[in-house]
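Hello,

I am handing over the structure we talked about, so that you can look at it alongside my notes. Please open it first and then read on.

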Amino acid sequence: MSAGSTDTPAGAGNRIVTSRYAGTWAGLPSWPELPSSAAVLADDNTDAVRAVWQHTVDGDRETLITSARRIDAEQADGFLADGLSVVTGDGIKPSEAERAVAPGRLLLLTSGSTGRPKQVVHTLGSLTTVTGEQPARTWLCPYATGAYAWWQIVTLSLSLPGQDVVFIEPGDIDRWPRLALEHGVTAASGTPTFWRQAIWRSGETVAQLSLEQITLGGEPVDQAILDRLREIFPAARISWIYASSEAGAAIAVHDGRAGFPRTWLDREASDRPTLRVIDDELVIASRHAAEGMPGAIHTGDRVEVTDDRVAIVGRLASDEINVGGSKASGSAVRRRLLDHPDVVWAAVRGRKAPLVGQVVVAEVVLTGGATVTTGDLTVWCAEQLPDYSVPRRVRVLPEIPIKESLKSDV
């Protein structure tokens with residue numbers, strides 16, 4: 001739908017399920033008092049989808065939708081100063097600042113991985129990246145309210161018939177497989193950490209799901225989790241998506257291999273993003289990018305290029321660990337740990353140390369009944385990694401950490 005449009009979206013009759021609502025998009029209670037320029041700090045997905053629907057059917061407004069848990073008082077005051085009225089479960093606080101409404105604009109917050117989240121501007125059109133006929137599916141949406149990945153599922157459901165959605169609240173993330181079974185979910189999207197945690201915690205229930213489409217995104221994807229999902233769901237289409245609030249949806253891979261084909265680099269096509277690698281950084285030019293972004297967006301993601309594949313391995317700011325002048329790759333250490341049959345999750349980082357500046361340390365989660373020791377894992381790493389890359393400390397965690405973003409962020 002274009003800005004200012006009041007046409008009924010094609011997905012208006014799709015069913016959506018939240019913790020407080022089960023019905024169609026068109027059946028959602030209206031929100032007539034919603035200000036024309038509003039920052040909706042939603043307590044749950046019910047309030048969020050109401051705001052989405054109000055924005056969709058009334059194009060003469062601009063809206064920011066995010067989780068109330070993500071916003072502190074200083075940020076809320078910043079919205080007011082920018083001319084956005086702040087809407088919470090406690091009511092509406094109108095802004096006294098003047099703001100010219102830009103009809104149809106959707107304001108998204110970036111992930112904040114490099115500092116406080118910033119606002120980027122999209123529309124329903126720029127957020128709608130799946131078009132054409134699609135098989136009828138019931139989608140699971142576990143993403144944080146208002147995140148780019150959340151909007152991807154929302155716009156899919158709004159724009160195409162037959163795309164129902166079951167929204168999962170952060171407090172229900174541990175029991176999502178049971179809820180997915182209950183509601184007949186056939187497609188699910190989540191980060192690699194999300195899938196790892198579900199298989200580790202509720203593997204038997206996950207295996208009962210009739211999934212036809214599995215999507216991974218939000219974090220670097222490794223071959224181990226792709227292979228595990230293929231083992232559990234041999235008939236499903238398994239996709240890895242690279243997307244961000246700034247660059248939009250830029251890469252979609254369906255061949256079951258980590259990374260994307262090297263032949264996609266420097267490819268010029270009007271209907272595809274242009275992907276480049278500059279100084280080991282992924283650089284993207286895309287028509288789905290947020291408004292006002294530069295033509296070439298430096299993503300901050302570090303890549304490794306092999307003969308036929310390009311793998312996104314981590315963030316430039318954190319993947320390289322300087323150990324006494326030698327550069328250890330956190331992602332390489334993590335891959336080595338995940339290659340161990342008793343390791344289901346791993347995180348690697350640098351820790352300050354005298355004389356050498358930093359040393360490599362790791363945290364792992366082990367399979368149930370594993371007898372491997374941290375010393376064994378150190379030896380395992382030393383068999384293939386240079387001495388400066390071998391973790392000097394390995395700590396075993398009792399469970400896979402996961403935040404509302406569905407990432408580990410540890």
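In this predicted model, eight strands make up an open sheet with mixed pairing, and their order is 2-1-10-9-11-12-13-14. Strand 2 (22-24) and strand 14 (248-253) are the edge strands, each pairing on one side only. From one strand to the next, the twist averages 20°.

At one edge of this sheet, strand 13 (residues 237-244) pairs with strand 14 in the antiparallel sense, over 5 bridges. If you want a spot to zoom in on, try Ile241, whose bridge partner in strand 14 is Ala252.

Which helices go with this sheet? Helix 4 (residues 148-159) packs on it and touches strand 1 (15-17), strand 9 (137-141), strand 10 (163-167), strand 11 (187-190), strand 13 and strand 14. The direction of helix 4 makes about 140° with that of strand 10. Helix 6 lies across strand 9, strand 11 and strand 12 (213-217), and runs at about 115° to strand 11.

Helix 4 and strand 10 also share an aromatic pair, one of the 8 aromatic pairs counted in the model. The ring centres of Trp150 and Phe167 are 6.2 Å apart and the planes stand at 50°. Pairs count as stacked under 30 degrees and as edge-to-face over 60, so this one is tilted. Trp150 sits in helix 4 and Phe167 in strand 10, 17 residues apart, and the pair links distant parts of the chain.

Now to the other sheet I would like you to see. This open sheet has 6 strands in the order 6-5-3-4-7-8, again with mixed pairing. Strand 6 (91-93) and strand 8 (119-122) stand at its edges; each has a single partner strand, so one side of each is left without a neighbour in the sheet. Here the twist averages 25° from one strand to the next.

You can follow the pairings one by one:

- Strand 4 (residues 62-67) and strand 7 (residues 106-109) run parallel and are joined by 2 bridges, and Leu64 stands opposite Leu107 in strand 7.
- Strand 3 and strand 5 also run parallel, with 3 bridges between them; Ala39 has Val86 in strand 5 as its bridge partner.
- Strand 5 and strand 6 are antiparallel, over 3 bridges, with Val87 opposite Ile92 in strand 6. These two strands form a hairpin that has 2 residues between them.

Two helices are worth finding here as well. Helix 1 (residues 45-57) lies across strand 3 (37-42), strand 4 and strand 7, and it runs at about 165° to strand 4. Helix 2 (residues 73-81) packs on the sheet too, touching strand 3, strand 4, strand 5 (85-88), strand 6 and strand 8. The direction of helix 2 makes about 135° with that of strand 5.

Further along the chain there is another hairpin to look at. Strand 20 (residues 320-323) and strand 21 (residues 326-329) pair in the antiparallel sense over 4 bridges, and Val323 stands opposite Ser326 in strand 21. The hairpin has 2 residues between its strands, and in it Gly324 takes a positive phi near 60°.

Finally, some notes on empty space. How many cavities of 30 Å³ or more does the structure hold? The count is 1, and the largest cavity has about 30 Å³ of space. Its lining is made of Leu226, Ile238, Ser239, Trp240, Val253, Asp255, Gly256 and Arg257. Strand 13 gives the most to this lining, with 3 residues. By class, the lining of the largest cavity divides into 4 nonpolar, 2 polar and 2 charged residues.

The second largest pocket has a volume of about 300 Å³. It is lined by 14 residues, and Arg196, Ala224, Arg228, Val343 and Val344 are the closest to its centre. Helix 6 (192-208), helix 7 (223-232) and strand 22 (343-353) each supply at least two residues of this lining. The lining of this pocket has 9 nonpolar, 2 polar and 3 charged residues.

Enjoy exploring it, and do write back with any questions.

Best wishes

How values were computed: Residues numbered from 1 in each chain as written. Predicted model: local features only at pLDDT ≥ 70, side-chain atom pairs only at ≥ 80, totals over all residues. Heavy atoms only, no water. 1 Å grid on protein atoms, 1.4 Å probe; cavity = no way out; pocket = protein on both sides within 12 Å on 5 of 7 lines; lining within 4 Å. Points joined across faces, edges and corners; volume = space filled by probe spheres on them. Nonpolar A, V, L, I, M, F, W, Y, C, P; charged D, E, K, R; others polar. Pairing = 2+ DSSP bridges. Axes fitted to C-alpha atoms, helices over the stretch in contact; angles between N-to-C directions. Contact = heavy atoms within 4.5 Å. Phe/Tyr/Trp six-rings, centres within 6.5 Å; stacked < 30°, edge-to-face > 60°.
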